[in-house]
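Work through the exercises below with the sequence and the model at hand. Each task is followed by a worked solution.

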Amino acid sequence: MKKAIESERQGTEFCRPDFNKRTCVCAFFAVPYTCTTRKDVFRYMITVDISNVWGQLTLADLLAIEKEVADAHAALADGTGEGNEYLGWLNLPVREATDEMKRIQAAAKKIRESSDVFVVVGIGGSYLGSRAAIELLQGTNRNIGKGKGDPQIFFAGNSLSTRHWNELCRLLEDKDFSIAIISKSGTTTEPAIATRALRWMLERKYGTDGARERIFAITDPCKGALRQMAAEEGWETFVIPSNVGGRFSVLTAVGLLPLAVAGIDILELMNGAADAKESYDLRSFENPVWQYAAVRNLLYRSGKATEIFTSFEPGFRMFGAWWQQLFGESEGKDGKGIFPVTAEFTADLHSLGQMIQAGERNIFETMVRFDAPEQKYTIGGDWKNLDGLNYLEGKTLDFVDEKAYLGTVTAHVDGGVPVITMDCGELNPRKVGELFYFLELCCGVSAYILGVNPFNQPGVEMYKRNMFQLLGKPGYEK
Ligand code: PA5
């Protein structure tokens, strides 16, 4: 069986000969598939374990889609697909700090020294990436106890909630703060409303000149209201290149400035993205991008129309939200697309668990794993043992977490839910940069296999038009 597959593959034009020689080719096609060998060979790569989809798909299914995957990857890399005017993100990763990155680092230093609080104003792709990386690397409680030197970071302009707004205003009272206004178009309503108010708060507090030192605008290089405002008011600006769409902009100042303010090494992050750019250009099924993009499309064709993207890390929730926007806005078009849902385990096993286990069988899962942290927590003993937990005495929390993960995968697979596992290795800024680029690449390839333009979002405009009409915005009367 293995032999037949190998000879079938050697005839294809998509495999690079040097990779064909590697043992992992065999490991990949062995069923059940184990990723141990692959990890030795590609030790820096994110590995995608698809051994838990074989109950729903066959190897023949996977091989049959190889040309589609190769064509989709080529269309993306060569810039011949739909939406190719927005492929600037492919070349964002760098190994050395650019002048723009040096300015970002200098601005971040100034903000860290002068501010108790840093407010990031933006919605969708203009805030999800930075929030995702900050929470994943520093935890959901990172703001507690922070202030000048290492400011608290809050996000505004991503809702129209008065309660949320009042909460932020109360929080900013008596605090020194700076803001980054992030909008590619420069005209999005939610951040525009927040910008107006925060700017006035800063001007009242520090005067026009003082406020100017605390306002940073990140927007299109040439057009939009924000670009014009920044020029007129003399705010320092950073660029979202015209050929980079909002949800693909995390490796520009959109993500990098907030991350640098959080004290995260943005050069390391960029190096991780550069690792990904090099590693995942491989044109064969040894590439985890191919595995993920192909398998999710095959599952979709077999009726699995919902993908739940999960992790057992609470700090991953916002990363899931970033992924949800990336895949949702890129693929949900022309009556097609996998519905992307994010969940946090084990918390959501106590809410969504029942639905996943026994609801409509149209779901598959992608579970993202990281190595356990070095600092361990060991469960203690209790002489009364009223809770019956003494059988876990001396075990680490990681040990329990691992068993919960394995138990969940087995339960869900037994319940008819295919599970893809992404093993990311150690969690650090470099890995997060790699993961961003890896998933962006997966998204581009997957959307082209699906047959949609990944880089527009015409559906998002509909609610805006209706809202503008209801609000009486000039030009939207009809
Ligand atoms: O991915 C996208 O392009 C969108 O989700 C935008 O990021 C979002 O609508 C915000 O737009 P803007 O940055 O123009 O304010």
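**Exercise 1: The ligand**

In this predicted model, a polar side-chain atom of Glu 329 is 3.0 Å from an oxygen atom of the ligand. Find which residues come nearest to the ligand, and give the distance from the ligand to the side chain of Ser 126.

Solution.
1. There are 13 residues around the ligand, and those that come nearest are Ser 126, Ser 183, Ser 185, Thr 188 and Gln 325.
2. For Ser 126, an N or O atom of the side chain lies 2.7 Å from a ligand oxygen.
3. Gly 246 takes part through its backbone, with an N or O atom 3.5 Å from an oxygen atom of the ligand.

**Exercise 2: Glu 190**

Decide whether Glu 190 is buried or exposed, and state what polar contact its side chain makes.

Solution.
1. Locate the residue: Glu 190 belongs to helix α10, which spans residues 189-212.
2. Its relative accessible area is 7%. Buried means under 20%, so Glu 190 is buried.
3. Look for a partner of opposite charge: the nearest such side chain, that of Lys 464, is 6.7 Å away. A salt bridge needs a distance within 4 Å, and Glu 190 has none.
4. Look for a polar partner: the side chains of Glu 190 and Tyr 463 make a polar contact at 2.8 Å.
5. List the neighbours: leaving out residues up to four places away in sequence, Glu 190 touches Ile 123, Gly 157, Ser 159, Leu 160 and Tyr 463.
6. Check one of them along the chain: Ile 123 is 67 residues from Glu 190, yet their C-alpha atoms are 7.3 Å apart.

**Exercise 3: The nonpolar cores**

Identify the helix that gives the largest share of the largest nonpolar core, and list the contacts of Tyr 292.

Solution.
1. The largest core has 97 residues; among those touching the most other members are Trp 89, Leu 257, Tyr 292 and Leu 439.
2. Helix α18, residues 429-450, supplies the largest share, with 12 residues.
3. Beyond four places in sequence, Tyr 292 touches Val 48, Glu 307, Phe 309, Trp 323, Phe 327, Thr 366, Ile 420, Met 422, Leu 439 and Cys 442.
4. A second core, separate from this one, has 19 residues, including Leu 168 and Ala 230.

Note on methods. Residues numbered from 1 in each chain as written. Predicted model: local features only at pLDDT ≥ 70, side-chain atom pairs only at ≥ 80, totals over all residues. Heavy atoms only, no water. Core = buried A, V, L, I, M, F, W, Y, C linked by side-chain atoms within 4.5 Å. Buried < 20%, exposed > 50% of the residue type's maximum accessible area, 1.4 Å probe, protein only. Helix = DSSP H or I, 4+ residues; strand = E, 2+ residues; numbered from the N terminus. Contact = heavy atoms within 4.5 Å. Lys, Arg positive; Asp, Glu negative; His and termini not counted. Polar contact = N/O pair within 3.5 Å; in protein donor to acceptor, adjacent residues only side chain to side chain. Near = heavy atom within 4 Å.
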